[in-house]
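Visitor: I would like to walk through this model with you and ask how each label is earned. Could you show me the structure before we start?

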Amino acid sequence: MANPAITASGIVKWFGEGEARTQALREVSLEAYFGEMLYIVGPSGSGKTTLLSVLSGILRPDAGSVSVEGINIWSLGGDQLADFRLHKIGFVFQDYHLFPRLTTVENVAVPLILKRTDWQEAIAAAEEYLEIVGLKGRADLTPVKLSGGEQQRVAIARAMTSQPDILIMDEPTASLDGDTGQAIVGFVKENVLNERRCILIVTHDSRIYQYATRVLKMEDGRLTGVEKGGSS
Amino acid sequence: MRGILKLAYKLLVNDKAKFTALIVGITFAVFLMIQMMAMFAGILNRASATVLNVGASIWVMDPAVQTVANTIGMPDYVLNAVKSMQGVSYAVPFYSGGALVKLADGTYQAVTIVGLDDTTLFGRPTLIEGTLEDIYGENAFVVIKDTEFRKLENPRIGTEFEVNDNRGVIVGVATVASSGLFGIPTLYTTYYRALQYLPNPRFTISYVLVEPKTPADVWRIKQQVQQLGYLALTKDEFIDRISDFYKYQTGVGTNILIMTVMSFIVGLSISGQTFYTFVLENLEKFGALKAMGAKSRELIAMILFQASFTALTGYGLGIGLCAVLIRLARVRLPDYASIITFGNLALAFVMVVIIAAASSYFGVRKVLRIEPFEIFRG
């Protein structure tokens, strides 16, 4: 296995106040490596998405630490953390969160625009990524004119444009039929995963387990086992 | 930052329904605000028409005078006293009064008759027909060619009429900077002919027009006139006094103010609510941007840009619409008193800035509170 991309240890996260206070993550520790496609699976409410948010610098844990490429991300300030997400992490959200008023190519260019890349350069780069995901001919359409699978591919292209070291995918097949879902994840493994990149996927769709390097099982805020691959 | 602002621009204008609603709201509000203020400015401008047209530096009058039309006659000694005051370069009598003229077809028409100092003709209008010396001719009057001119049946040089059973004849046609407020034509003649032709009370001087030797003498002249028991006002002070009368003592100002405030509230409500809805509908997208690495100040810049762009576009369209309407109204109604002043534009701009600031404030608050984690949770 290559170098660890993410090292998390003793992550604890609570939600709510008083009697409604619940523990979402209980002392979770894991390592994710470059070149691997790591799945975190488990039933709804098990804490998968919370863990993904903590690992990607979106949700601050109550205890524990997360190191990405040797940097303790939760010691960073607000702007530094935003820069970290912008430069190191690519997100593919469950509902894609594409901008319906922008064209497909403009959607893909958004991370580059946030990086202050010139508009035309960003659009040109976005067109290349659209070509990679096979949607070059759809560049000028708005997302609402695309199918679910195509929207998912646009979201993947958007996550790839900033050339992140870590790609985070939340329930990538939740809105897709079985065949399309498998095709998308297969495509990601084939075209996006490489030795310098780590892909973290949260899912409860067992039909796509075949593409995983490792599958970690989560229940009630704890990593409870490994369904595929080595140790957590 | 340019790319981020372009992104904000596209998110705004590509949502055509919302953008149109926002623009229409602000345009309508600006139109109403400017229109109300333009009407009021037009009324005030016309109320001060004589002061503007005559252009004297200092006006001496009875202290009870509130508007230029409501004159209170002063005795002749006031003129002599003012002439002898320190700092006075020259002082001339000025008459302004109302009269009825009988036209050639036998109908009567109310007019304002202005009597200019016989020696200097100080405050004379700009002649466009005839010669100035003819005003000294028998029964001579100069008619002002303004929007009321047609009410005298479009007189020409030589046209005759009657004033108080006296014959009058037009010897010149002139223009002035501003028409009067009350929609009646104006005739100029010499001071003494005005006194001869019109019935007068014991005291006949409406105003004494004064030119100081230096600007520093204005204060001294005002002091001396006050000691005499009269009031001396500079041109601007007299215009302000007339404006204050219409603003505060006629109800016109209050009504216009109420309408302007209502327009502002309507604009604020429409724009504020629509913009807030726009931000709410895009809240998840702003959250996604935050998750992707957009900083809070960049999101604030996006919202402020969207609000400012909408406000300024609506502001420009509102002014344009108002200008077009005033222009069109003047085609049908030459007397239509509406002028857009820089002061009105500045006030409307301030109101639009408040609308934009209030609209974006709630949007910014909402966007800053959204947690990217909420986007993950769906």
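Visitor: Is the crossing of helix 3 of chain A with helix 1 of chain B left-handed or right-handed?

Guide: Helix 3 of chain A passes helix 1 of chain B in a left-handed crossing. Please keep in mind that this is a predicted model. Helix 3 of chain A spans residues 104-114, and its axis and that of helix 1 of chain B are 9 Å apart, at an angle of about 145°.

Visitor: Which residues make the contact of these two helices?

Guide: Helix 3 of chain A brings Glu106(A), Val110(A), Ile113(A) and Leu114(A), while helix 1 of chain B brings Gly3(B), Ile4(B), Leu7(B) and Lys10(B). By class, that makes five nonpolar, one polar and two charged residues. Gly counts as polar here.

Visitor: And what does chain B as a whole offer to chain A?

Guide: Chain B contributes 22 residues to the contact and chain A contributes 29. Helix 1 (2-13), helix 9 (283-292) and helix 12 (372-377) of chain B each supply at least two residues of the chain B side. Helix 1 of chain B gives the most, with six residues. The chain B side divides into 11 nonpolar, four polar and seven charged residues.

Visitor: Why are helix 4 of chain A and helix 5 of chain A called oblique to each other?

Guide: Helix 4 (residues 119-132) and helix 5 (residues 148-161) of chain A pack at about 130°, with axes 9 Å apart. Angles of 65 to 115 degrees count as roughly perpendicular and those over 145 as roughly antiparallel, with the rest of the range outside roughly parallel being oblique. The two helices are therefore oblique to each other. Helix 4 of chain A passes helix 5 of chain A in a right-handed crossing. Ala125(A), Ala126(A), Tyr129(A), Leu130(A) and Ile132(A) of helix 4 meet Ala157(A), Met160(A) and Thr161(A) of helix 5. This contact has seven nonpolar, one polar and no charged residues.

Visitor: What makes strand 2 and strand 5 of chain A edge strands?

Guide: The open sheet of chain A has four strands in the order 2-1-4-5, with antiparallel pairing. Strand 2 (22-33) and strand 5 (71-72) each have a single partner strand, so one side of each is left without a neighbour in the sheet.

Visitor: How do you know that strand 1 and strand 2 of chain A are paired?

Guide: Pairing needs at least two bridges, and eight bridges join strand 1 (residues 4-15) of chain A to strand 2 of chain A. Phe15(A), for example, stands opposite Thr22(A) in strand 2. Helix 1 (residues 48-55) of chain A packs on the sheet, touching strand 1, strand 2 and strand 4 (63-68).

Visitor: In chain B, in which sense does strand 3 pair with strand 2, and in which sense with strand 8?

Guide: Strand 2 (residues 88-102) and strand 3 (residues 108-116) of chain B pair in the antiparallel sense over eight bridges. Ala99(B) stands opposite Val111(B) in strand 3. Strand 2 and strand 3 of chain B form a hairpin with five residues between them, and Gly106(B) in the turn has a positive phi of about 95°. With strand 8 (residues 186-190) of chain B, strand 3 pairs in the parallel sense over five bridges. Gly115(B) has Thr189(B) as its bridge partner in strand 8.

Note on methods: Residues are numbered from 1 along each chain as its sequence is written. Chains are lettered from A and ligands numbered from 1 in the order in which they are written. This is a predicted model: local features need pLDDT of at least 70, side-chain atom pairs count only at pLDDT 80 or more; totals for chains, interfaces and linings use all residues. Axes are lines fitted to C-alpha atoms, for helices over the stretch in contact, and angles run from 0 to 180 degrees between N-to-C directions. Angles under 35 degrees count as roughly parallel, over 145 as roughly antiparallel, 65 to 115 as roughly perpendicular and the rest as oblique. A crossing is left-handed if the near helix is turned anticlockwise from the far one by less than a right angle, and right-handed if clockwise. Two residues are in contact if their C-beta atoms, placed from the backbone, lie within 7 Å.
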